[in-house]
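Subject: Structure for you to look at

Hello,

Here is the structure I promised to pass on. Please open it first, then read my notes below.

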Amino acid sequence: TVPIVLPVTNDAVGGGTRSSKSLSPNVLKICLRMGEKENTAILGVLPKASDDYKPDEDIEKLFADETSIYKIGNNLYYPVDIYTIASHKAIEINAVSTDGDEKIIPIGIKTKQSGQATLLVKGIDNFNAYQKLFLIDAKKNETYDLFNVEYVSFEKELNEDMDGRFYIVMK
């Protein structure tokens, strides 16, 4: 099997905006921000990619060391991790197919941190693999059209299980 390589530019894993100059076509950067912490997952839509986890086209998530807690004043700050989920695995870089079928990609968030959080999806301006792209918040029963909404803020509760709260839907 020949490995599938996502066409990610140098800017795709650093800063940038929703601009088409920051990511290659049909590659989305899903960012989670909580206070000063930020973490990213990459979702790419490619011909011939599998929608399931495949080690030659997807990269599993390596989680932050939970001992990397820091303290400012009386407040403790924990690592924050975001990933997509495929075949019951946490995926940091995920390739899915362009077969035309509706795609529902679960998003996982792992952190002991509670408080205000923001999900930001970059690369929207250069995304044309599907005509509709949504972020679903299952807890709030809200649907956000990512072609019209730049980010979604939410409150992360202490000990809240975040796997399956958010989904990316492509139609």
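Ser-87 is partly exposed, because its relative accessible area of 36% falls between the cut-offs of 20% and 50%. You will find Ser-87 in the loop between E6 and E7. Its backbone deserves a look. Most residues other than glycine have a negative phi. Ser-87 is not a glycine, yet its phi is positive, at about 50 degrees. His-88 lies in the loop between E6 and E7 too. Here phi is about 65 degrees, again positive and again not at a glycine. His-88 counts as exposed, with 84% relative accessibility.

Please keep in mind that this is a predicted model. The mean pLDDT of the chain is 86. Of its residues, 87% reach 70 or more. Two stretches call for care. Residues 1–5 stay under 50 in pLDDT. The model gives them ten contacts beyond four places in sequence. Residues 7–21 are also below 50. For that stretch the model has 37 contacts beyond near neighbours in sequence.

Now the overall layout. The chain has 13 strands and zero helices. Read along the sequence, the pattern is therefore β throughout: β-β-β-β-β-β-β-β-β-β-β-β-β. Of the 171 residues, 46% are buried. Take the contacts between residues at least 6 apart in sequence: 71% of them join residues at least 24 apart.

Next, the core. Which residues touch the most other members of the largest nonpolar core? They are Leu-32, Leu-135, Ile-168 and Met-170, out of 29 residues in that core. Seven strands are worth colouring here, as each gives two or more residues to the core: E1 (27–34), E2 (37–46), E8 (103–110), E9 (115–122), E10 (133–137), E12 (151–156) and E13 (166–170). E1 supplies the largest share, four residues.

Ile-168 is a good place to centre the view. Beyond its neighbours within four places in sequence, Ile-168 has a long list of contacts, including Ile-30, Leu-43, Ile-105 and Val-121. Leu-133, Phe-134, Leu-135 and Leu-146 are also among them.

Then the aromatic rings. How many aromatic pairs does the structure hold? There are two. One is Phe-63 with Tyr-83, in an edge-to-face arrangement. Their centres are 5.3 Å apart, and the planes meet at 90 degrees. Phe-63 sits in the loop between E3 (59–60) and E4 (70–72), and Tyr-83 in E6 (residues 81–86), so the pair ties together parts 20 residues apart in sequence. The two partners differ in burial. Phe-63 is partly exposed, at 34% relative accessible area. Tyr-83 is buried, at 6%.

The rings of Phe-154 and Phe-166 also pair. With centres 4.8 Å apart and planes at 55 degrees, this pair is tilted. It links distant parts of the chain: Phe-154 is in E12 and Phe-166 in E13, twelve residues apart. Phe-154 is buried, with a relative accessible area of 4%. Phe-166 is buried as well, at 0%.

Back to Phe-63 for a moment. Lys-110 lies over the face of its ring, 4.4 Å from the ring centre.

Two polar side chains are worth a stop. Ser-97 lies in strand E7 (residues 89–97). Is Ser-97 buried or exposed? It counts as buried, because its relative accessibility of 6% is under the 20% cut-off. Its side chain makes a polar contact of 3.2 Å with the side chain of Lys-103. Leaving aside neighbours within four places in sequence, Ser-97 also touches Val-45, Leu-46, Ala-49, Ser-50, Asp-51 and Tyr-130.

Glu-160 is in the loop between E12 and E13. With a relative accessible area of 16%, Glu-160 is buried. A polar contact of 3.3 Å joins its side chain to that of Lys-139. A polar atom of the Glu-160 side chain also lies 2.9 Å from the backbone nitrogen of Glu-157. Not counting residues up to four places away in sequence, Glu-160 touches Lys-139, Glu-155 and Arg-165.

Best wishes

Methods:
Residues numbered from 1 in each chain as written. Predicted model: local features only at pLDDT ≥ 70, side-chain atom pairs only at ≥ 80, totals over all residues. Heavy atoms only, no water. Core = buried A, V, L, I, M, F, W, Y, C linked by side-chain atoms within 4.5 Å. Buried < 20%, exposed > 50% of the residue type's maximum accessible area, 1.4 Å probe, protein only. Contact = heavy atoms within 4.5 Å. pLDDT = per-residue confidence, 0-100. Phe/Tyr/Trp six-rings, centres within 6.5 Å; stacked < 30°, edge-to-face > 60°. Lys NZ or Arg CZ within 6 Å of the ring centre and 35° of its normal. Polar contact = N/O pair within 3.5 Å; in protein donor to acceptor, adjacent residues only side chain to side chain.
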